[in-house]
Amino acid sequence: MIRRALLLGALAAAGSLLVPATPALAQMHHHAMPSDSTASRRHAMPEDSMASMPMDDAMPMDHAEHMGHGGSMELEAMYGSYPMTREASGTSWQPDAARHRGLHVMRGAWMLMFHGFADLVVDDQGGPRGDEKTFSGNMVMGMAQRAAGPGRLGLRAMLSAEPATIGKNGYPLLLQTGETANGRTPLIDRQHPHDLFMELAATYSVSRGNRSLFLYGGLPGEPALGPPAFMHRFSGAAFPQAPITHHWLDSSHITFGVLTGGLVAGAWKLEASAFRGREPDENRWDIESPKLDSHSFRLSWNPSPHWALQASRGRLNSPEQLEPEIDVDRTTASVIVAADLKPGHFESTIAWGRNRNRPGPTLDAFTGEAALEIAGRHTLFARVERVEKNELFQENDPRAASVYDVGSWSGGYRFDVWRRGHVAAGIGILATIAAVPAELRGDYGKDPTSTLVFTRVTLR
């Protein structure tokens, strides 16, 4: 009864977020965009004065964003002559108006950015296949860039302590599938931890006006496939759990061996990647051997500061460790909307993914998620998912290869109770109803419900 009451309260608070984006845009506060000239976009403040900023003059990203829209300083992007807020995980794009949290400082010729968060989560997954666990999801990332020759050199690093704070067996998450904890059996109804090394990458770009060419290499890194990874898009970052559509959309965000080349022309970006198709194994502490046996292409379009659209296609060679004979053709499409409304900052993502197994079935997934930040302290968030899965039972079960259409509805709320300098701490709750077909109710129960209570500390 307590779980159901918490569930209904969270869904009622957050359910109204998943509304069509177009009416909301009528209430946007429009920002003036920088001019098309490289000088006004990338050097609004003289380089000498930027380089002389002391470490104590570090500013939070929210302030930097505001200045970038017509203020005295425009932070430079890694891959082209556009606002830095457009860049998300890997080489992916989000709207220019998106929230891009982080701490920025100048150190000589280098511009540095730091971001990170840590959740402490009490997870109670309901139904016969549910479980309980207390764990910490976390990451810390840093980026550095500077002028180098005719272009810009960039360095990116992202680390996570989840191999220790979550462990090999992951955390309970109904209907989640993908990867393994021991190299022999798949993880089912559990979410695997991230690797210690999530990204170690270098970039180089050359810009002329609103056009640019760039190169990205990572071990590990993220290929040009899918929307921004869920923990990097504002609409998904507030959730203390991963989406169950993860392995249809953005599971390649940690790939051991990536080379990407791209062309930016104004609001358009075309890029291609060669990368290692195999997903990380159960040894989460190491760096695995690189291999460029898979490829992908992605076309991105940001028609205005408030929209980011992408379509991508990839061929993954033997992505699953436990099914090495199966290759996957992955197709994705997504739309991200960001807007400053009267109540606060709003972002939503709608995404579709298709995995065509060769050999095997073709499986589709859909997710819609949204987040609304009010007065800088209150965050409402919601997610709806629907996905076709054929990995819900172990190999010795006669239903192991059967395809089931499953889904979930989630809603949550977080309140930042404490802020000091560039650090904020909050408490929150997430409630989820899992949707399973009638033939699975004997295993999962009817509409099993789950609750996660969490605290979050984040660098702003």
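Begin by selecting Thr-332, which lies in strand β15, residues 327–340, and keep in mind throughout the tour that this is a predicted model. With a relative accessible area of 1%, Thr-332 is buried, because buried here means under 20%.

With Thr-332 still selected, show the side chains of Gln-310 and Ser-312: a polar contact of 3.0 Å joins the side chain of Thr-332 to that of Gln-310, and another, of 2.5 Å, joins the side chains of Thr-332 and Ser-312. If you then display the residues that Thr-332 touches, leaving aside those up to four places away in sequence, you will find among them Gly-226, Pro-227, Trp-248, Leu-249, Trp-352 and Gly-353.

Select Gln-191 next, in strand β8, which covers residues 186–191. Gln-191 is likewise buried, with a relative accessible area of 2%, and its side chain makes a polar contact of 2.6 Å with the side chain of Gln-176. Beyond residues up to four places away in sequence, Gln-191 touches Gly-170, Tyr-171, Leu-173, Gln-176, Ala-242 and His-246. Add Gly-178 to the view as well, since its C-alpha atom is 7.8 Å from that of Gln-191, with their positions 13 residues apart along the chain.

Finally, turn to the surface and select Leu-219, which lies in the loop between β10 (211–218) and α7 (234–237). Leu-219 is partly exposed, at a relative accessible area of 31%. Adding Val-140, Leu-159, Leu-200 and Ile-287 to the selection brings up the nonpolar surface patch that these residues form with Leu-219, with about 340 Å² of accessible area together. Leu-219 can belong to this patch because its relative accessible area of 31% meets the requirement of over 30%.

Technical notes
Residues numbered from 1 in each chain as written. Predicted model: local features only at pLDDT ≥ 70, side-chain atom pairs only at ≥ 80, totals over all residues. Heavy atoms only, no water. Patch = residues over 30% accessible without salt bridge, like charges linked within 9 Å, V, L, I, M, F, W, Y side chains within 5 Å. Areas by Shrake-Rupley, 256 points an atom, 1.4 Å probe, with all protein chains shown as cover. Salt bridge = Lys/Arg side-chain N within 4 Å of Asp/Glu carboxyl O. Helix = DSSP H or I, 4+ residues; strand = E, 2+ residues; numbered from the N terminus. Buried < 20%, exposed > 50% of the residue type's maximum accessible area, 1.4 Å probe, protein only. Polar contact = N/O pair within 3.5 Å; in protein donor to acceptor, adjacent residues only side chain to side chain. Contact = heavy atoms within 4.5 Å.
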